[in-house]
Amino acid sequence: MIQIHSLKKTYAHGTVLDIPALSIPLSECFGLVGNNGAGKTTLFRIILDLVRATEGEVTIDGAVVAQSEHWKHKVGAFLDEHMLLSYLTPDEYFEALRKIYRISKDDLGNHLDKFGEFFNGEILQRKKYIRDLSKGNLKKVGIAAALLGDPEVVLLDEPFENLDPSSQIRLKKLILAEKETRKTTFLISSHDLNHITEICDRIVLLEKGLIIKDLKDKSTMIQELDAYFQVG
Ligand SMILES: Nc1ncnc2c1ncn2[C@@H]1O[C@H](COP(=O)(O)OP(=O)(O)OP(=O)(O)O)[C@@H](O)[C@H]1O
């Protein structure tokens, strides 16, 4: 589904990402972890062609993301609030996306119904602008928007950050349900080792732009990561 070949990103101060090869198959829940500045967001931004790689390329279903538009209708993402239209209310924003994606009103309603508990009565029909939402509620709008239109691939940067504990649990259930019913491929970065190991089939650990672990055995993931992140 996603192939990375000889990928490098270099800024004036040095190379921040160096991935010779990485392959993420269809339906995988791929977790990305690493300390601050490890390169997680940079990798996601390159995959979405928001930042151009210095060398190498990313392909989605064979399409080179920096050279083609064919992958865009297959991919949903929420990296940060810059991806939202903050001068709209959430209702107006979802309606705008409905028109862009050419989704029926019923399908949008069904989609938003799935997020009823997750929204906890704070998001829809409140006449509040996105710019005035709390950080957690803003994240909920972005996550629901990223999953709109049944994308085959969904990228979420730090989806658990700023969510209250109940919302974190609801989000895990939503992701697992999408995975189960639609076989969605998820790429999720997180500093929460418990959540990420619970939902992901595979965890890649980045350190200063390099892949230093590629963990696929669920029974030992959390111990391996705990050992790496242990301070002492
Ligand atoms: N536009 C830029 N110009 C220069 N350096 C940049 C730029 N964008 C990112 N970097 C650098 O690239 C490195 C990787 O940053 P990135 O945001 O990808 O890390 P991260 O793993 O997502 O970190 P965090 O956990 O803090 O979100 C950092 O050293 C950062 O300072």
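**Stop 1: the open sheet**

Start by selecting β1, β2, β4 and β5: they form an open sheet of 4 strands in the order β2-β1-β4-β5, with antiparallel pairing. Strands here are DSSP runs of E of at least two residues, helices are runs of H or I of at least four, and both are numbered from the N terminus. Two strands count as paired if DSSP finds at least two bridges between them. Colour β2 (14–24) and β5 (63–64) next; these are the edge strands, each pairing on one side only.

A word on what you're looking at: this is a predicted model, where local features need pLDDT of at least 70, side-chain atom pairs count only at pLDDT 80 or more, and totals for chains, interfaces and linings use all residues. Residues are numbered from 1 along each chain as its sequence is written.

Back in the sheet, zoom in on β1 (residues 2–11) and β2, which pair in the antiparallel sense over 9 bridges. Click on Ile4 and you'll find its bridge partner in β2, Leu22. Now hop to Ser6, also in β1. Ser6 has a positive phi of about 45 degrees although it is not a glycine. Most residues other than glycine have a negative phi. Is Ser6 buried or exposed? Ser6 is exposed, because it has 12 other C-beta atoms within 10 Å, and 12 or fewer is the cut-off for exposed, while 20 or more means buried and anything in between is partly exposed, with C-beta atoms placed from the backbone.

**Stop 2: around the ligand**

Select the ligand and show what surrounds it: Tyr11, Val16, Gly34, Asn36, Gly37, Ala38, Gly39, Lys40, Thr41 and Thr42. A residue joins this shell if its C-beta atom, placed from the backbone, lies within 6 Å of the ligand. By type, the shell divides into 3 nonpolar, 6 polar and 1 charged. For that tally, Ala, Val, Leu, Ile, Met, Phe, Trp, Tyr, Cys and Pro are nonpolar, Asp, Glu, Lys and Arg are charged, and the others, Gly among them, are polar.

Which helix gives the most to this shell? Helix α1 (residues 40–47) does, with 3 residues. Select α1 by itself: 7 of its 8 residues are buried, so α1 is largely enclosed by the rest of the structure. Among the buried ones are Lys40, Leu43 and Phe44. Following α1 you reach Asp49, with a positive phi near 60 degrees.

**Stop 3: β6 and β7**

Move on to strand β6 (residues 75–78), which is covered on both faces. Val75 and Ala77 sit on one side, Gly76 and Phe78 on the other, and all are buried. In a regular strand the side chains alternate between the two faces of the sheet. Add strand β7 (residues 153–157): β6 and β7 pair in the parallel sense over 4 bridges. Look for Ala77, which stands opposite Leu155 in β7.

**Stop 4: helix α5**

Now pick helix α5 (residues 135–146), which has 12 residues. Its span from first C-alpha to last is 16 Å, close to the 16 Å expected at 1.5 Å a residue, the expected span being 1.5 Å times one less than the number of residues. Of those 12 residues, 9 are buried, including Leu138, Val141 and Ile143. What covers them? Show β6, α2 (90–101), α3 (105–114), α4 (116–119), β7 and α6 (165–182), which are included in the cover. Contact here means C-beta atoms, placed from the backbone, within 7 Å.

While you're here, find Asn120 in the loop between α4 and α5. Asn120 isn't a glycine, yet has a positive phi of about 55 degrees. Asn120 is partly exposed, with 15 other C-beta atoms within 10 Å.

**Stop 5: a helix and a hairpin**

Select Asn194 in helix α7 (residues 193–199). Asn194 counts as partly exposed, with 14 C-beta neighbours inside 10 Å. Draw a line from its C-alpha to that of Met221: the two are 27 residues apart along the chain and separated by 9.8 Å.

Then select strands β9 (residues 202–207) and β10 (residues 210–215), which run antiparallel and are joined by 5 bridges. Leu205 has Lys213 in β10 as its bridge partner. The hairpin has 2 residues between the strands, and there Lys208 takes a positive phi near 45 degrees.

**Last stop: zoom out**

Show the whole protein, with its 8 helices and 10 strands. The C-alpha trace spans about 45 × 40 × 35 Å along its principal axes. Of the 232 residues, 36% count as buried.

Terms used:
Contact = placed C-beta atoms within 7 Å.
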